Amino acid sequence: MKLSSLKVGVDVPWVTSWTGEPSLGVGPCPSVGGALAILQSDNPGQGKPLYSQNHAVRQRLSVRDMRCPMCGHPTLANDRWTQVAHPVAAGRLRADRRGGWLPAELSDDSILVDAGAIAPLHRACVDRSLRYCPHLKADPHIDVRRFPDRWIVLPLMARAEASAQLFLARPTPARTAAVIGFLQLCGLTGERDPAWRGAGS
């Protein structure tokens, strides 16, 4: 497959998938400590960019290592920005069945900055992406803000057909297993909203 003239981390976000990066199925992945996860070949720049699709492994690395999804370099504590995250109460995530992995000791009225599957960017990368990305330019919900100094990483699970080796026998009928797809990131603000139930109704 042809190498693109587009530069990864400049013209195309580092976290973006390319047509030359097929799925490799499911298996243990170092990006999540060897847990079962969706795997994908790593050939950024091969073929054409799939702007609407994050690369499974690079997405997890971006959240785990606080690597900017635009340029791929680590972000520092004084230069971490989010452009799509919004404050939400932990209880609202739990009520919407998106907070099952939140620590039990985190109270429902704790305010989180829910960044979803998008790690913080450098401020310069935020500005570049807002200048050139048509999707971001058209998004009325862009809200650029500093990312909190503390955060929680949550696995976003997917269902995948399990190979026979996982069950030590050929599954009949085929069985599915829960595997990690992406990682979700929630910043801890230290703020509370006792009226969170009314705000989310």
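Exposed means over 50% relative accessible area, and buried means under 20%, with partly exposed in between. The legends below use these words for a predicted model.

**View 1. The whole chain: six helices and 10 strands.**
The predicted model has a radius of gyration of 18 Å, close to the 17 Å that the globule rule gives for 201 residues, so the protein is as compact as a globular protein of that length. Its C-alpha atoms fill a box of roughly 50 × 45 × 30 Å along the principal axes. Of the 201 residues, 42% count as buried. Contacts reach far along the chain: among those between residues at least 6 apart in sequence, 70% join residues at least 24 apart. The protein exposes about 11100 Å², and carbon and sulfur atoms supply 56% of that area.

**View 2. Helix α1 and its cover.**
Helix α1 spans residues 56-64, and eight of its nine residues are buried, so the helix is largely enclosed by the rest of the structure. The buried residues are A56, V57, R58, Q59, R60, L61, S62 and V63. Their cover includes five strands: β1 (16-18), β3 (36-40), β4 (49-54), β9 (150-161) and β10. Just after the helix, M66 takes a positive phi of about 50 degrees.

**View 3. H55, in the loop between β4 and α1.**
H55 has a relative accessible area of 1%, so it counts as buried. Beyond its neighbours within four places in sequence, H55 contacts V15, T16, S17, E21, Q40, S41, D42 and F182. T16 lies 39 residues away along the chain, yet the C-alpha atoms of H55 and T16 are separated by 5.5 Å. Two polar contacts involve the side chain of H55. It reaches the backbone oxygen of S41 at 2.8 Å. A polar atom of this side chain also lies 3.1 Å from the backbone nitrogen of R58.

**View 4. The salt bridge between R58 and D42.**
The closest N and O atoms of R58 and D42 are 2.7 Å apart. This pair links distant parts of the chain: R58 belongs to helix α1, D42 to the loop between β3 and β4, and 16 residues separate them. The two partners fall on opposite sides of the accessibility cut-offs. R58 has a relative accessible area of 3% and is buried because that value is under 20%. D42 has 52% and is exposed because that value is over 50%. The structure holds 10 salt bridges.

**View 5. The end of α1: R64 and D65.**
The side chains of R64 and D65 meet in a salt bridge, with 2.8 Å from N to O. R64 is partly exposed, with a relative accessible area of 42%. D65 is also partly exposed, at 32%.

**View 6. Strand β7 between its pairing partners, β6 and β10.**
Strand β7 runs over residues 110-116, and six of its seven residues are buried, so the strand is largely enclosed by the rest of the structure. Strand β6 (residues 86-89) pairs with β7 in the antiparallel sense over four bridges. Here P87 stands opposite V113. Strand β10 (residues 176-192) also pairs with β7 in the antiparallel sense, over five bridges. Here L112 has L188 as its bridge partner. In a regular strand, side chains alternate between the two faces of the sheet.

**View 7. D109, in the loop between α2 (90-95) and β7.**
D109 has 19% relative accessibility and counts as buried, because the cut-off is under 20%. Leaving aside neighbours within four places in sequence, D109 contacts E191, R192, D193, P194 and W196.

**View 8. The salt bridge between R98 and D114.**
The closest N and O atoms of R98 and D114 are 3.1 Å apart. The pair links distant parts of the chain: R98 sits in the loop between α2 and β7, D114 in strand β7, with the two positions 16 residues apart. R98 is partly exposed, with a relative accessible area of 39%. D114 is buried, with 14%. Salt bridges that share partners join R92, D96, R98 and D114 into one network.

Note on methods. Residues numbered from 1 in each chain as written. Predicted model: local features only at pLDDT ≥ 70, side-chain atom pairs only at ≥ 80, totals over all residues. Heavy atoms only, no water. Buried < 20%, exposed > 50% of the residue type's maximum accessible area, 1.4 Å probe, protein only. Pairing = 2+ DSSP bridges. Contact = heavy atoms within 4.5 Å. Polar contact = N/O pair within 3.5 Å; in protein donor to acceptor, adjacent residues only side chain to side chain. Salt bridge = Lys/Arg side-chain N within 4 Å of Asp/Glu carboxyl O. Rg over C-alpha atoms; globule rule 2.2 N^0.38 Å. Areas by Shrake-Rupley, 256 points an atom, 1.4 Å probe, with all protein chains shown as cover.
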